Amino acid sequence: FRPESRRFDRPWSTPESPPLPGQPAATTRVGTDAHIDFDWVGADARTVGTIVHRWLERAASGRFDLAVSAIPGTLSTSLRWARELGSTSSAANDIGGRVLDALTRMVEDPKGRWIIEGPGETELALSGSVNGRVENVVLDRVRIDDDGTHWIVDYKTSTHEGGDLEGFIAAEIERYTPQMTRYAEV
């Protein structure tokens, strides 16, 4: 038996889903991740973000003690992950340092520790109806406070260099508000 290669006559795309029972037909989607432009970030910054997410997920789920004294011990694994994600050895060294810095800042910040150490969920995959359409999301962290309030946390490893820190933060809030709104609606 030999496999045979075949192509569609025209490009194929997923057909439009019918509205859910009892829901009006949706004409637009709530802000999706597709509207967030990450082209400016660069491969190394994306790799740093991926590795930091991995460590924070492990810490929040109790599989890694994210103590200041434990952070240097993450370097060899972070370097291996960077290489597995396609980084060169020289880039991996820079990435490893940036990961150590991000983890240290998270641990040394009281709010950062609060996010990681308290009760909640990590990498929570959810599906729900938003404007009559099924949306699938994965939340980095849901932190539940003492009053039972659920806080949606989306880890960001963006760095700021130069002046106008308030402007940078405002731009980041504007960039990610549609994503966070969608998460909250789901």
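Mentor: Start with a cut-off: a residue is buried under 20% relative accessible area, exposed over 50%, and partly exposed in between. The model we will apply it to is predicted.

Trainee: Why is N131 called partly exposed?

Mentor: N131 has a relative accessible area of 43%. Buried needs a value under 20% and exposed a value over 50%, and partly exposed is what lies in between. N131 is therefore partly exposed at 43%.

Trainee: What makes N131 worth a remark in the backbone?

Mentor: N131 is not a glycine, yet its phi is positive, about 55°. The residue sits in the loop between β1 and β2.

Trainee: Which other residue that is not a glycine has a positive phi, of about 45°?

Mentor: That is E123. E123 belongs to strand β1.

Trainee: What makes E123 fall into its exposure class?

Mentor: The relative accessible area of E123 is 35%. This value is not under 20% and not over 50%, so E123 counts as partly exposed.

Trainee: How do you know that β1 and β2 are paired?

Mentor: Pairing requires at least two bridges between the strands. β1 and β2 (residues 133-144) have ten bridges, in the antiparallel sense, so the pairing holds. Among the bridge partners, E121 is matched with V142 in β2, and L124 with L139 in β2. The two strands form a hairpin with two residues between them.

Trainee: How do you know that β2 and β3 are paired?

Mentor: Four bridges join these antiparallel strands. The requirement is at least two, so β2 and β3 pair. R143 stands opposite W151 in β3. The hairpin of β2 and β3 has five residues between the strands, and in this hairpin G148 has a positive phi near 90°.

Trainee: What makes β1 and β3 edge strands?

Mentor: The open sheet has three strands in the order β1-β2-β3, with antiparallel pairing. β1 (120-130) and β3 (150-153) each pair on one side only, and they are the edge strands. From one strand to the next, the twist averages 50°.

Trainee: Which helix packs on the sheet and touches β2 and β3?

Mentor: Helix α4 (residues 110-117) does, and its direction makes about 115° with that of β2. Helix α5 (residues 165-185) lies across β1, β2 and β3, at about 95° to β2.

Trainee: How many helices and strands does the chain have?

Mentor: The chain has five helices and three strands. From the N terminus on, their order is α-α-α-α-β-β-β-α. Of the 186 residues of the chain, 31% count as buried.

Trainee: Which residues of α2 are called buried?

Mentor: In α2 (residues 75-84), they are T77, S78, L79, W81 and A82. Buried means under 20% relative accessible area, so each of these residues has a value under 20%. The buried residues of α2 pack against α1 (43-60) and α3. After α2 comes G86, with a positive phi near 100°.

Trainee: What makes a space a cavity, as opposed to a pocket?

Mentor: In a cavity a 1.4 Å probe fits but cannot get out, whereas a pocket is open. A search of the whole structure finds one cavity of 30 Å³ or more. The space in the largest cavity is about 30 Å³. Its lining is made up of L66, M106, V107, G112, R113, I116 and E117. Helix α4 gives the largest share of this lining, four residues.

Trainee: How do the residues lining the largest cavity divide by class?

Mentor: Four are nonpolar, one is polar and two are charged. Glycine counts as polar, and Arg and Glu count as charged. G112 is therefore the polar residue, while R113 and E117 are the charged ones.

Trainee: Which residues lie nearest the centre of the largest pocket?

Mentor: D154, Y155, K156, T157 and S158 do, out of a lining of 37 residues. About 1600 Å³ of space lies in the largest pocket. Its lining has 19 nonpolar, nine polar and nine charged residues. α1, α3, α4, β3 and α5 each supply at least two residues of that lining.

Notes: Residues numbered from 1 in each chain as written. Predicted model: local features only at pLDDT ≥ 70, side-chain atom pairs only at ≥ 80, totals over all residues. Heavy atoms only, no water. Axes fitted to C-alpha atoms, helices over the stretch in contact; angles between N-to-C directions. Contact = heavy atoms within 4.5 Å. 1 Å grid on protein atoms, 1.4 Å probe; cavity = no way out; pocket = protein on both sides within 12 Å on 5 of 7 lines; lining within 4 Å. Points joined across faces, edges and corners; volume = space filled by probe spheres on them. Buried < 20%, exposed > 50% of the residue type's maximum accessible area, 1.4 Å probe, protein only.
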